[in-house]
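Work through the exercises below with the sequence and the 3D view at hand. Try each task before reading its solution.

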Amino acid sequence: MFGNYSDTLSQLLLGRLERFGRKHSIPVAYCDDFGHGKNHAILPAGCRAVLDTKNKTLRFLPS
């Protein structure tokens, strides 16, 4: 999962992320709701989660 790092969205970056996920058979997601900047959410470290890129969801599992 990759977060926001710039004021502009790079199509080149999105293409690279897509190829990376395909090459390694892993889900890859980009979201501007977290990352560097102002008013962005924090993803909890060490928390179990399910990332479903087909349905565009991230679900945190109970401890």
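Four exercises on this predicted model follow, each with a worked solution.

**Exercise 1. A salt bridge**

Task: Find which residue forms a salt bridge with Glu18, and state how far apart the closest N and O atoms are.

Solution:
- Step 1. Side chains of opposite charge can pair when their charged atoms come close.
- Step 2. The partner of Glu18 is Arg22, and the closest N and O atoms are 2.9 Å apart. The cut-off for a salt bridge is 4 Å, so the pair qualifies.
- Step 3. Place the pair in the chain. Glu18 and Arg22 both belong to helix H1 (residues 11-24); because they are four residues apart there, about one helical turn separates them.
- Step 4. Check the surroundings. Glu18 and Arg22 are both exposed.
- Step 5. Searching the whole structure gives one salt bridge.

**Exercise 2. Positive phi in a loop**

Task: Ser25 is not a glycine but has a positive phi. State where Ser25 lies, and decide whether Ser25 is buried or exposed.

Solution:
- Step 1. Most residues other than glycine have a negative phi.
- Step 2. The phi of Ser25 is about 55 degrees.
- Step 3. Ser25 sits in the loop between H1 and S2.
- Step 4. The relative accessible area of Ser25 is 67%. Exposed means over 50%, so Ser25 is exposed.

**Exercise 3. A hairpin**

Task: Describe how S3 and S4 run and how many bridges join them, then examine Lys56 in the turn.

Solution:
- Step 1. S3 and S4 run antiparallel and are joined by four bridges.
- Step 2. Take one pair as an example: Leu51 has Leu58 in S4 as its bridge partner.
- Step 3. The two strands, S3 and S4, make a hairpin with four residues between them.
- Step 4. Lys56, in the loop between S3 and S4, has a positive phi of about 55 degrees although it is not a glycine.
- Step 5. Lys56 has 76% relative accessibility and therefore counts as exposed.

**Exercise 4. The largest pocket**

Task: Give the volume of the largest pocket, and sort its lining residues by class.

Solution:
- Step 1. Rolling a probe the size of a water molecule over the atoms shows where empty space is left.
- Step 2. The largest pocket holds about 180 Å³ of space.
- Step 3. Its lining includes Met1, Val28, Tyr30, Leu51, Lys56 and Leu58. Strands S2 (30-35), S3 (49-52) and S4 (57-60) are the elements that each give two or more residues to this lining.
- Step 4. Sorted by class, the lining has seven nonpolar, two polar and two charged residues.

Conventions. Residues numbered from 1 in each chain as written. Predicted model: local features only at pLDDT ≥ 70, side-chain atom pairs only at ≥ 80, totals over all residues. Heavy atoms only, no water. 1 Å grid on protein atoms, 1.4 Å probe; cavity = no way out; pocket = protein on both sides within 12 Å on 5 of 7 lines; lining within 4 Å. Points joined across faces, edges and corners; volume = space filled by probe spheres on them. Nonpolar A, V, L, I, M, F, W, Y, C, P; charged D, E, K, R; others polar. Salt bridge = Lys/Arg side-chain N within 4 Å of Asp/Glu carboxyl O. Buried < 20%, exposed > 50% of the residue type's maximum accessible area, 1.4 Å probe, protein only. Pairing = 2+ DSSP bridges.
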